[in-house]
Each structure stands twice: as structure tokens, then as C-alpha cells.
Amino acid sequence: MKLLELKWLTKRRALATVVVIGALVAAACGGDRPATAVPKNETPSRQVRVVAAAQTEAARVVSASGTLAADDQFVLGTKVVGRLGEIPVDLGSRVKKGQAIARIDQSDYRLRVEQADAALQQSRVRLGLPASGNSDKVDIEQTSLVRQGAAVFKEARLSHDRMVELWDRKLIARSELDTAVSQLAVAEGRYQDAIEEVRNRLAVLLQRRSELEIARQQLADTVIVSSIDGAVSERQAAVGQYLPAGAPVVTLVRTDPLRLRLAVPEREAGLVRAGQTVNLTVEGNLNKYQGRVARISPAIAESNRTLMIEAEVPNGQGALRPGSFAKAEIVIEAGQRVVTVPSDAIINFAGIEKVLMVVEGKTVEKRVRTARRIGEQVEVIEGIVAGNQVIIKPGNLVAGEPVTVVN
């Protein structure tokens, strides 16, 4: 019984509290509404800055990407065998045409030159020439060997002629005439043999001259020189290493000019011509570089429907490196007039590009189609014309919002 009375008192107290709160709320709401209250359907305008779409002159270009490559790359090797005595270059070293890249130990080759020179001097002396000299001309008839043979032959002929005369006078026996005839034949043979011997010595002289030239050339080949202006991309031998003929020593690349290989889409391939200007940039380098289209492939690649072209890019300062990835623009036509707006005026949402304009104090959305970037500007090829005012840095503005232009 007491429990029921307690529950009834609790409910009465709660009801009284609700009544008091309701009265206070009604009193507060019953006052007069302030005269400065803003109507619910009025929104304060936002301040914006606008800029006019500009008409500028810009070159018509074809964009492509590719890789820089060395104009030439080859391996320098040895022409002679031997132990590597010196290699003054290493990876990255710049070299000039004719500069010594490496040297083979020359001791053995100097001895071979001396040996060949001594053999040549010996051959010259046997022909009656001075030991040293560059002229190898010889009058065969004036050599001692031939003169001796000629003298014997002349004496035998005179003796033969006397014997013939005596035989005609019946003053000598037949055997004496036969002896004179035989001696004449022998003398003639010796004379011809002397001529042949001198000719053989001349041939030996020429052989010794060639051997000396070969020895000197081998001595010169111990010095490996660069045939281009370039740089060392790889070193493949070390000092003290014994190298056979043809062993690789260093790999050289020509870095000026460089070749830029670009894959141009098929739809734009017909616009590319040899000699056109190519503007390019590379990763990690803020500078812009320029080259020229030098070579164009005669066929479209079926695998990716692109045309391969090559541009030559001057690289006298060595700022560009072979193998770098490059973004390029091939200038197809210069002086084309285009409409541009700042890049921060373009809104891109779900693949749709648009700009916001101000009309009668409110924003109006305009769909556009853009092309390339020109510095901080973007080319607009459809949607607006030069002179249209567009909002820059629109942020979260949407169409229909009231705005105030502050610039």
C-alpha cells in the first residue's frame, strides 16, 4: 500500500516540473522578434576574383614521350696482346678524339722494332745501299754481284770469239773450241744468276721494310686512343691485366648530340616532317631543351600504332644523359592563335571540365574542352571565347551561388 502511494507522489512531481519548464519557454518565445533578423531565404554573397580568357599566339604541337640515347656507342679494345700498363680514364671520364685511353706495356714491341730495323739495314748493305735511309731504289746492273758476273761473261765471250777465229784458221783443235763455248755458257748463266740474286735481295729488302713498318705499327697500337669526343660509360680492364688481341678495355658513348627517340600516335604521324623543332624536358631538370627532327621511320608499328622518329638534341654542356626519359613537343605550326585561361580556373569533376562565370551577381557553370598546357595557362578549344570572365580558384563554389567580384 505504501509502495503505491510512493509511485503516485513521484509522478505528480515530474508533471509539475514539466509544466514549469513549459511556462518558461512560452514566456521566452512570447517576446518581440528583433528588427535585424535575416530572412531564412537570403544567403550572403561570397567574394571572388575573375580573369578574362586571353587570346595568345602559340605553336601547334604534337606531344610525345621518349628516351634519350647516345648518338654512338662502341667498345674500344686492344689490337695487340700484352699486359695493360696504364688506363688513365674511368667511369664518367670525358674524352676527346685522339686522347690516349689506355697503354699496353711497350717493352717487347720496342725490341721488335729494333730487330726489324737491324734486319732492314743488313738487307740494304747487301745491295750496296747505305745502312740507313728511306730510298730503296737500286740499279741492278751497278750492283757488285752483277758487275762481277758481267765481267766474267764478257771475258768468256771474248775468249770464245778468239777461239772461233782460230778454229776458222785451223790453228786449234776442236776440243779447245768446245771448251770456250762451254765457258761462255757458264759465264752467261752466272751473270743471269747474279741478276736474279740481286732481284731476290731487293724483294728481301722490301720484306724487311714491311716488317719494320709492322713492328712500328704494333708499337703504336699499344696506345689505345679515342676516335670520338664522348664519355666513358664502362671500364672493362684493370692495370696489370694480361689482355689478348681484341679484348675490351672501355665502352665509349658520344653524348653530343644525343638522339631522342619518340613514338608519335598514328593520327598525328602525317604532320611530322624532318627539320621540325622539338622542345623537350627531362625528369629532375627544370631547364627546357631544343632539338630537330632528323629521322622518321618509314612504317607505322602495328603493335601500338605509333610512328618512331628520332630527333637530334645538342648537348655541348653535357647536361643531358643518355637513357633519360623525356617529354617532348614537336612544333607542327608556329603562330597559331588560341584561347587560354589560368590552369587554376579549370574545375575537373568526374572527367568533365568546366569553368565558373559571373552573370548578374551569381555563378554560372560553363562546360569546356581543353587541350595542352602552356606554362601556367591552359588552352581552351571549346566552351568559351576570348574576353569571357572566369572565376579563378573557385574552390567549392557551385552554380547559382551569389558572388561579389572584388578585382
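This passage describes the helix packing, the strand pairing and the largest pocket of a predicted model.

Two packed helices are described by the angle between their axes and the distance between the axes. In this model, helix α4, which covers residues 174-221, packs against helix α2, formed by residues 107-126, with the two axes 8 Å apart and at an angle of about 160 degrees. Because angles over 145 degrees count as roughly antiparallel, α2 is described as roughly antiparallel to α4, and α2 passes α4 in a left-handed crossing. Helix α4 is also met by helix α3, residues 144-168, and here the axes come within 8 Å and cross at roughly 165 degrees. The helices α3 and α4 are therefore roughly antiparallel to each other as well, and the crossing in which α3 passes α4 is again left-handed. When the residues in the contact of α3 with α4 are sorted by class, 18 are nonpolar, 4 are polar and 6 are charged.

Strands of a sheet pair through backbone hydrogen bonds, and the pairing may be either parallel or antiparallel. One open sheet of the model consists of 4 strands in the order β6-β5-β3-β8, and its pairing is antiparallel. The edges of this sheet are taken by β6 (223-225) and β8 (242-243), each of which has a single partner strand, so that one side of each is left without a neighbour in the sheet. Within the sheet, strand β5, made of residues 100-104, pairs with β6 in the antiparallel sense over 3 bridges, and R103 stands opposite V223 in β6.

A second open sheet is formed by 3 strands in the order β14-β15-β16, also with antiparallel pairing. Here β14 (347-349) and β16 (362-367) stand at the edges, and because each has a single partner strand, one side of each is left without a neighbour in the sheet. On average, and with direction ignored, neighbouring strands of this sheet are turned by 40 degrees against each other. Strand β15, residues 352-359, pairs with β16 in the antiparallel sense over 6 bridges, and K362 in β16 is the bridge partner of V359.

Strand β13 takes part in several further antiparallel pairings. With β2, the pairing runs over 13 bridges, and T67 is found opposite F325 in β13. The pairing of β13 with β10 has 5 bridges, and in β13 the residue E329 has N279 standing opposite. With strand β18, which spans residues 377-382, β13 pairs over 4 bridges, and P342 stands opposite Q377 in β18.

Several of these strands also contribute to the largest pocket, whose volume is about 530 Å³. The pocket is lined by 19 residues, of which N279, T281, K288, E329 and R373 are the closest to its centre. N279 and E329 thus appear both in this central group and as residues that stand opposite each other in the pairing described above. At least two lining residues are supplied by each of β2 (54-77), β10 (277-282), β11 (285-301), β13 (325-342) and β17 (369-374). Among these strands, β2 gives the most to the lining, with 6 residues. By class, the lining residues divide into 8 nonpolar, 6 polar and 5 charged.

Key. Residues numbered from 1 in each chain as written. Predicted model: local features only at pLDDT ≥ 70, side-chain atom pairs only at ≥ 80, totals over all residues. Heavy atoms only, no water. 1 Å grid on protein atoms, 1.4 Å probe; cavity = no way out; pocket = protein on both sides within 12 Å on 5 of 7 lines; lining within 4 Å. Points joined across faces, edges and corners; volume = space filled by probe spheres on them. Nonpolar A, V, L, I, M, F, W, Y, C, P; charged D, E, K, R; others polar. Pairing = 2+ DSSP bridges. Axes fitted to C-alpha atoms, helices over the stretch in contact; angles between N-to-C directions. Parallel < 35°, antiparallel > 145°, perpendicular 65-115°, else oblique. Left-handed = near helix turned anticlockwise from the far one by under 90°.
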